[in-house]
Amino acid sequence: MYTMRFVSLAIALYFLPGFLFAASNRNPVDWVNPLMGSDSKYTLSNGNQYPVISLPWGMNFWSPQTGKMGDGWLYQYTAEKIRGIKQTHQASVWIGDYGQFSLMPVTGTLKIDEEARASWFSHKAEVVKPHYYSVYLADPDVTAEVTPTERAAKFRFTYPETDSAYLIIDAFDKGSFVKIIPEERKVIGYTTKNSGGVPDNFRNYFVITFDKPFTYAATYEHTQKQAGLEYTGNHAIGVIAFKTKRGEQVQASVASSFISHEQAKRNLAELGDGDFETIRAQGEAIWNAELGRIAVTGGTDDQMRTFYSCMYRTMLYPRKFYEYDAAGAVVHYSPYNGQVLPGYLFTDNGFWDTFRAVFPFFSLMYPSLTSQIMEGLVNTYKESGWLPEWASPGHRESMIGSNSASIVAEAYLKGARGFDIQALFEALLKNSEHAGPLKSVGRLGVDYYNTLGYVPYDVGINENAARTLEYAYDDFAIYRLAKELGRPADEIKRFAKRALNYKNVFDPATGWMRGRNEDGSFQSPFNPFKWGDAFTEGNSLHYSWSVFHDVQGLIDLMGGKAAFTAKLDSVFILPPVYDESYYGAVIHEIREMQIMNMGQYAHGNQPIQHMTYLYNYAGQPWKTQYWVREVMDKLYHPGPDGYCGDEDNGQTSAWYVFSALGFYPVCPAMDQYVIGSPLFQTATLTLENGKQVVIEAPKNSTAKRYIRRATLNGKEYAKNWLDHRELMQGAKIVFEMDETPNMKKGVSDQDVPYSFSTMAN
C-alpha cells in the first residue's frame, strides 16, 4: 500500500513542468552509472563501491557478488566470475556487511560451493541501472535479472532447455536457516551473518516465492546434503530445481525483514500483483522523479553522467531500517536493544563523512526526509543512550568526533520539525560531557578537552588534534542550536567559548595545527607531512583547515589574508611527500594523494574537501573558482575508476553535486553556501515546497570557469555566499562566466561568508 502511494507520487512528480527531462531524449536515470567507483582494491580506492540496485534509501540493496563470502570487496570491476546475486547492507568495505544472502542459478551438474558454482561473465553482457540489473552467466547459460522495491524484489532467470535448472539459495555462514515448502513454491530462511553492531537476537528473515513448481528440493550444510527440507546450522543452503525449455523464464518474488518471517511476508506485498516489467517500470519512475528534482543542461555527456551518478550515490544512505506492520504503522527492529518498537529508524552512516555535504543536501532538497531521520536519531538515543556516530546497523567502532551535533543542529536550524528536539539536545549535552562505551561514541578525551581546551597528544589518545578541531566545530553547532532553543545564558556561553578551542592546537611557530602535550608544549619532533598520529587519515596540511565555523579566526592565526592564501596555495604546490610511520605502511589514502598530481591536496578523503572554498573568506574567490573546477575536471569521471578515493555514504558524491551547481556548505551548521564555479549552463532545483532555484550560466564552458558578475533575482550580487532561507523561497541566480578571473568581485569584507569570531555572539 505504501509502495503504491510512493510510486503514484513519483510518477506524478515526474510529469510536473519542473521536471525538464520529460521532453528530453534521455531520462535522468539513463545518465547514472552504478559501476562508477567499482574498480577498487585494498591498496587503491577509486571509490570502493559496488553497484547498488535499490530504490532511494531502500532498506535492502542487491548487487552481483564477485568476492568471496564475507569479503568487503563484494564486487570488483576487474573480476571475471560472479558467485551470486546478493542482498547486501554493506555501507563500507571497512565496516562490513550484515543481513546477507544470495541467489545463484546453476545448470547441469549441481555445484553448491561458491567457488565451484561461480560463473564467467562479461561487462558486455551486463546491464546495470539503479533500479535494474541483468547479467548473462555463461557457465549455466542463464540470464539473471533483478529489480527491487524498498523491502522486496523481483528476480527473473532465463534458463536453457534442461531438466536440471537449479537455483541455490545461500543463507551464508555464521548461523543460518533454510526451509523449502514445495507445495507453496516457497523458500523461507534467515541469516545472522554480520560484522558487529547487533544484539544476540539479530536475524534477517527472508521469504521467496516462485511461479513454477519444483522438480527437486534439498537443504545443505555448506556442501553436505541434509535429511529433510528444513535445516538450521552454521551455513544453511537451500537448493531447488525446475525443468525448463530454452528461453523459459522463472520468476521469483523475494522480501526480507529484520523483525520476523511474518513481517517478511508482509513486506512481500510491496510487489503487489505486478510482474517483473511492472516493478521495473515503477522503480525507473521513482528514480527519474528523485533524480529529476535537479535538472541540468549544457554540460558534456561525461559531466552529465558524473553528476547523476553522484546524485544517485547521495540518495542511498542512510538506509531506511523501518517497516510497516499489519496496521500500516511504522515499526523497526532495534539494533540497539533487540526489541521491535514503533517509529522511524535509519542506519548505515558515518557522520564523520556525511555531516559535511550529504546532510546539507538533504536539508536543501529533502527536509521531510531530514525530519524522519531526526526522529530516528531520537529513537536511537532512547534505545541505546547514545547518538549513532557510525551505525551499521547498531553502534560501530569507527572514526572520531561527535558530529551528530552538526547534523542535529543543522536540521533544526534549517527548518526540520516533527521530532523531539529536546531529547536530541539532551543527547548532545551528554556527548559534550562524556566518553561513550565505544571510542566512536560520545567524546573520547572529553575530560581533557573540557578542562584544558584540547585533547593532549601525550595521554594515550590517538588523533588528538583532529578530535580537538572537530569537537570545537561541534560545540559551535551546539552553541547555535542552544541559542535557537532559548537555552540558559551560561550554557550558551560555555559552548561559545569551546567553539574557539581550535586555537589551542594551532602552533604559531610553524603556522599549522599540531599535537599539544598535557603540559602545554607542542609535540616534538613535528613533521607536517606525517599522516595519522595527531590527525585522522591525513596530515597537518589537511586538517589545519578544519575550522569550518571561524575561517576568519584561522586567517588571523595564520597572520592575515596574504599568509593564509599563501598556505592554501602551498597545499597544491608542495610535492606529495609523506610520512607513513604512524601506520607502518602506506595506507590507500596516502597513495591516492600521491598519484593525483595535485601536490598535498588529498580530495580522496573528507577532511580537506572544503578547502578549495576557503579562498572566498580571504578575498580571492577566483582561486576557489579555479581549483573547484580542477577537482571536478580531473578527479571525477563516470567510469569504474571515477573517484579519487573512498566514496563514503555519498559524501564525495555530494561534494560534486553541490560543486557542479556552483556552491558548497563549508559550515553546515550555518545557513550559508559558499560560491564556487557552476559546471552547467543551467540547473533547476525543484524544492520540496514547490519553489524552484534556477541557476543560469549561459556562456559556461570548460574554458570559462571564472565568475565575472552575478545577479540574484535580477539584482547585482557581489557576495561570495548564498543564503539558505533565500534559496528556499525560490530564486534565480545568473552567473556571467569568463576565461579570465575578475579580481575585483567578492573582495570586500562584507562579501565574505560568516565567521564566528567576527560576529556579535
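This passage describes a sheet with its packed helices, then one aspartate in a loop. The model is predicted: local features need pLDDT of at least 70, side-chain atom pairs count only at pLDDT 80 or more, and totals for chains, interfaces and linings use all residues. Residues are numbered from 1 along each chain as its sequence is written, and side-chain values use heavy atoms, without hydrogens and water.

An open sheet is formed by nine strands (E, at least two residues, DSSP runs numbered from the N terminus) in the order β6-β7-β8-β9-β18-β13-β12-β11-β16. Their pairing (at least two DSSP bridges between two strands) is antiparallel. β6 (126-129) and β16 (230-233) are the edge strands. Neighbouring strands are turned by 15° against each other on average, direction ignored. Four bridges join β6 to β7 (132-137). Glu126 stands opposite Val135 in β7.

Two helices (H or I, at least four residues) are described here. Helix α3 (261-268) packs on the sheet and touches β9, β11, β12, β13 and β18 (contact: heavy atoms within 4.5 Å). Its direction makes about 125° with that of β18 (axes are lines fitted to C-alpha atoms, for helices over the stretch in contact; angles run from 0 to 180 degrees between N-to-C directions). Helix α4 (276-291) lies across β7, β8, β9 and β18, at about 50° to β8.

Asp579 is found in the loop between α16 (561-573) and α17 (588-595). Asp579 is buried (under 20% relative accessible area, 1.4 Å probe, protein chains only). It has no salt bridge (a side-chain nitrogen of Lys or Arg within 4 Å of a carboxyl oxygen of Asp or Glu). The nearest side chain of opposite charge (Lys and Arg positive, Asp and Glu negative; His and chain ends not counted), Lys530, is 5.2 Å away. Polar contacts (N or O atoms within 3.5 Å, one able to donate a hydrogen and the other to accept it; residues adjacent in sequence count only if both atoms are side-chain atoms) join the Asp579 side chain to those of Asn527 at 3.5 Å and Ser581 at 2.7 Å.

Key:
Buried < 20%, exposed > 50% of the residue type's maximum accessible area, 1.4 Å probe, protein only.
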